[in-house]
Amino acid sequence: MFRNGRAPWIVAALVSTFVLQCLPAAAAIVPPRTVELRELGPGSGSGLIFADALQQASPWLSTSSAPLKLDPEGNLLSLSPGQAAERIVYTTERYPSGDYTLLFAGSGRFEVSGGSLAEGGGPGRLVVHVRPNDGTGLRLRVTAMDTQNPLRNVRLILPGLEGSAAAHPFLASFVQSVSGANVIRFSAWMRAGSFADSAVAPLRPRVLRPTQAAPNGAAVEYMSLLANLTGANPWLSVPVGATDGYIRNLANQSRRTLDPSLRPVLQYGNEDIFRRNSPTYNWALMAARNFHLGGNDPDALVRAWYSVRSAQILAIFRSEFGNGRVVSADSPDVLRLGRGRANPNAPLIIGTDASPFVAEHDAIKQPAFRPNAVKPLAAPVSLNLSGKPGVAIGLGQPLADARPATEGRPLGMTRTGTGWAVAAPADTTERVVRIYAAVERATAHITATLDGKVYSGQILRDDVENRPGVYTIVYRAAHPGEQILINATRDAGASFKIQSATVAVHDLNGSKTQPSSSSIYHNDLLHTGWNPNETILTTSNVNSGSFGLLQTLNVDGGVLAQPLYVANYNLGSQGTHNVLIVATENASVYEFDADSGAQLNFISLGTAAKANDIGCGDIQPVYGVTSTPAIDLKSGTIYVVTNVEPSQGVFHLALHALSIATLTDKVTPVDLSASVVLSNGGTIDLDSQNQYSRTSLVWANNSLYVGLGSHCDNNAGNIVGWLLRYNASLAQEAAVPTIEDGAGYLLSSIWMTGFAPAVDAKGNIFAITGNGAFNADTKGGLNYGESVIRVKNNLSKIVDYFTPANWNQYNSGDTDFGSGGVMLIPQQTGTQYPNLAVAMGKASVLYLLDRDKLGHEHTNDTGALQVINDSGGGVWGGPAYYSGPTGQFVYYQTGGDTIHAYQLSTSPSGKPSLTLTSTGSSNAGYGGSLPVVSSNGQTAGTGILWEIERGTTVTLEAYDATNLATLLYSSPAGTWPKSNSFLSPLVANGKVYVASQGTVEVFGLTDKHK
């Protein structure tokens, strides 16, 4: 559904025959062959392009330090007191003087610099008398606006074009200036020289946006329209950071809107990708290293990545257009652009400003682009795996060996008739054979004959991108040296080619146990942080002689969310992997092979919100994904909350449901929303600018739970804490606020510094709130500040709580209880208190609680089972738990203090208590730490406590979990721009993953000790 009545001109512009407006005659034109358009925007030298001058004007800009409130498309929503919003229309351009028409919907007050306003003869219409350019340019300003009827669909039409602008958005002289071109290059329109804000499909440039001169570039519909009007082939420069979803969307929109006789020319980025230290060069270098393309020469790595990604982009476009219609800009039949006008082969660059409406231009003779001369792909071939392993079958050059370096051992292969004969190794019986092949289209059928039995399957074309397909055969060898005959044939009528083929083997029984998933924040729904399935790391082999840094995984931003681990997951055509999932503050999610470190999937979920725009700088420079995602292994879904800012001052808290297999959205993302009516009649809505999901997400009870608090203490009088519940389709099922009664300073945020709400066996949800009003101990009181709360699994109500007796002191001193998380202790036996919980906040007071009866608020905290005044400067994070051969332990580390181990015991009367038994050797930085524990069950000598000492240098430390006086290992593990309070290590399958700024450091046993 189109908004603001803009649908007619969009449709007309894309499907109608273009009728030239009555404009001053343009100078005689010598038709150029290849033209490159300048960047859109005031003062860019692009000349005048649109009948609506605002389509190439700046976005709305604030005249004060406060950011503007804009909708997702960049339209102005409201103004703060004393604030104005401004659009820079023209600066140095030679624009015509005369009567422009200002059209709009809504109610507000305009001002014009460079002209004057007059009544326009009807609602939503004003006349702008524009003076000749005296050097000051033309600006449009909004100084007041009705928030109930905000201004929208604002247009500024050039003189004489009001009647035709809706149907014909381009100026006739602009179209005429590029007519006769064979190719129009849109690199600048697409912002290809930077990591574009439009690199994900939901944020792609759209025709409905107020300007096409925004940071994310121009809409492809305009490019198709110009190509259709001129008969020129559009040269599309895909942003370097573009995701596959963005590229598929671009290809689909281009195919739908481009004249069928025209052919898109594709390029990945532009020449800047080869310019050292440019944003696109650095991004490509990071991607090349993540994909382990090999070598140390950064220029060679960038070239390698450029080649790989270009092939993938071509494959996606060809899936939309067909092989014969799409052309690579790297084809020898397409003249490559020169870098300057001194180059005789340089393209014509349209745009100076010689006269109103008309772009100055000249023509340079150069070879015409010859669409029909470009050779299409060779005819499909029927495949037999003949030739040599790793050499291309059929046409085209082979890819680099697709098999990761650690992916088993290559099998000896012998050509036998139409296939390969593979000898089964003699040293084990059960094996996995994987065939790696890049399949261009359709499917290849694989058969393997083993002991007379035929195993059959498919290599599927990967719809996400042209990565190597992987087909896996699992078999039991009858005897050493058994011959396996592998053949491949194509579907009837389908086409494919194998660019390389490699077979590798894997032991299925290489270890005593298969790795287990660590796909929940701190390992389980109680959030104990204990991984009892670690069979490799022990107190004997974790030391500086046998344990250390194995590799560094590079990502595009800081990592505060705990990495997650999914074991033995089938990624479709990429085969089965142990998958490491990493979310960054740049609003991106990565998947790596947890064993080899190879990057498997990546998605950017938008433009991360800028800390300076939000007005809270505890995380710098952006807020993207801070809360650890939640995973539903049954449905194969990763749930992620992002804080994004698609345009300045427009904020969204977006909830995504991503496929584990592809990292693509399974359903349409939704914005988090909630509202509560207070008992005093006031209403508080969830504020996407001043609220944030810091507490990690939880999947339980077939539902997703999201906790929310404020950014810093922003907007404290209009913020409450929230627990929200969503189903698998991202439909909100319930929302419970932490405050429903009160006025003034509210908050009661659910922060917990990344710790997740805990879930007991009955599905109840446990969380801690921060500073805010409390009166739940009075009749009808509905305020739960500074409290541990238990909420029914359907979030219908808060059913129990514990509030420290001195909560008001916590509140007034900003000593939030909710800086820490609540951990549930596994069920106890032989006691009248089987279900326990522990909690601690900024005050360094440890509360042992009966989670079946939390204890409410009483003098001297008599509702708690035990109160311990721990030393140190408070905790931003939470504890860990371990049950070993010498008993049960709870671990806490507060700011500026060593880590403490408290042993859990039960008195003869049946009352539980915690006793300090050992401490670590080094003091924590600000906020303490978020420890975890690994062990092989309760086996002696396997319990290890892991924690990160936080600061500008991130340090990984390992202690004997039964006696913290024994420091096993300590090592730097990355850096951080400032001390932070979220980092928590992940231990899985013999490796320890430590997140930091722009990297994940991977530790494990060194090669000689594996």
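Colleague: In what order do the strands of the open sheet of 4 strands that includes strand 8 stand?
Modeller: This is a predicted model, and the sheet in question is open, with its 4 strands paired in the antiparallel sense. Strand 8 (115–119) and strand 11 (152–157) each have a single partner strand, so one side of each is left without a neighbour in the sheet, and these two stand at the edges. From one strand to the next the twist averages 25°. Read across the sheet, the order is 8-9-6-11.

Colleague: Which residue of strand 9 stands opposite leucine 103?
Modeller: Strand 6 (residues 98–105) and strand 9 (residues 125–130) pair over 6 bridges and run antiparallel. Within that pairing, leucine 102 stands opposite leucine 126. For leucine 103, the residue that stands opposite in strand 9 is arginine 125.

Colleague: Which residue of strand 11 stands opposite leucine 103?
Modeller: Strand 6 is also joined to strand 11, by 4 bridges, and here too the sense is antiparallel. In strand 9, leucine 103 has arginine 125 opposite, while in strand 11 the residue opposite leucine 103 is arginine 155.

Colleague: How many residues does strand 11 give to the lining of the second largest cavity?
Modeller: The second largest cavity holds about 70 Å³ of space, and among the 10 residues that line this cavity, Trp60, Asn75, Arg152, Asn153 and Val154 are the closest to its centre. By class, the lining has 5 nonpolar, 2 polar and 3 charged residues. Strand 11, which stands at an edge of its sheet because it has a single partner strand, gives the most to this lining, and its contribution in residues is 3.

Colleague: What is the volume of the largest cavity?
Modeller: The count comes to 8 cavities of 30 Å³ or more. The largest cavity is lined by 14 residues, and of these Pro205, Ala218, Val220, Tyr246 and Leu250 lie nearest its centre. Sorted by class, the lining of the largest cavity has 9 nonpolar, 4 polar and 1 charged residues. The volume of this cavity is about 90 Å³.

Colleague: Which helix supplies the largest share of the lining of the largest cavity?
Modeller: Two helices each supply at least two residues of this lining, namely helix 3 (220–230) and helix 4 (244–257). The largest share amounts to 4 residues, and the element that supplies it is helix 4.

Colleague: How many of the 11 residues of helix 3 are buried?
Modeller: The buried residues of helix 3 are Val220, Glu221, Tyr222, Met223, Ser224, Leu225, Leu226, Ala227 and Thr230. Just after the helix, glycine 231 takes a positive phi of about 75°. Helix 3 is largely enclosed by the rest of the structure, because the buried residues among its 11 number 9.

Colleague: Which two cysteines does the disulfide join, and where do they lie?
Modeller: The count comes to 1 disulfide, with an S to S distance of 2.0 Å and a right-handed link that has 85° about the S-S bond. One cysteine of the pair lies in the loop between helix 7 (611–614) and strand 33 (622–623) and the other in the loop between strand 42 (703–710) and strand 43 (722–726), so the link ties together parts that are 96 residues apart in sequence. Named in that order, the two are cysteine 616 and cysteine 712.

Colleague: Is cysteine 712 buried or partly exposed?
Modeller: A residue counts as buried when its relative accessible area is under 20%. Cysteine 616 has a relative accessible area of 1%, so this end of the disulfide is buried. The relative accessible area of cysteine 712 is 31%, and therefore cysteine 712 is partly exposed.

Colleague: Which residue of strand 55 is the bridge partner of tyrosine 891?
Modeller: An open sheet of 4 strands, in the order 53-54-55-56, has antiparallel pairing. Its edges are strand 53 (880–884) and strand 56 (912–919), each of which has a single partner strand, so one side of each is left without a neighbour in the sheet, and the twist averages 30° from one strand to the next. Strand 54 (residues 887–893) runs antiparallel to strand 55 (residues 899–906), with 6 bridges between them. Tyrosine 891 has as its bridge partner in strand 55 alanine 901.

Technical notes:
Residues are numbered from 1 along each chain as its sequence is written. This is a predicted model: local features need pLDDT of at least 70, side-chain atom pairs count only at pLDDT 80 or more; totals for chains, interfaces and linings use all residues. Side-chain values use heavy atoms; hydrogens and water are left out. Two strands pair if DSSP finds at least two bridges between them. Axes are lines fitted to C-alpha atoms, for helices over the stretch in contact, and angles run from 0 to 180 degrees between N-to-C directions. On a 1 Å grid over the protein atoms alone, a cavity is a set of points where a 1.4 Å probe fits but cannot get out, and a pocket is an open set with protein on both sides within 12 Å along at least five of seven lines; lining residues have an atom within 4 Å of a point. Grid points are joined across faces, edges and corners, and a volume is the space filled by probe spheres set on the points. Ala, Val, Leu, Ile, Met, Phe, Trp, Tyr, Cys and Pro count as nonpolar, Asp, Glu, Lys and Arg as charged, and the others, Gly among them, as polar. A disulfide is a pair of cysteine sulfur atoms within 2.5 Å. Buried means under 20% relative accessible area, exposed over 50%, partly exposed in between (1.4 Å probe, protein chains only).
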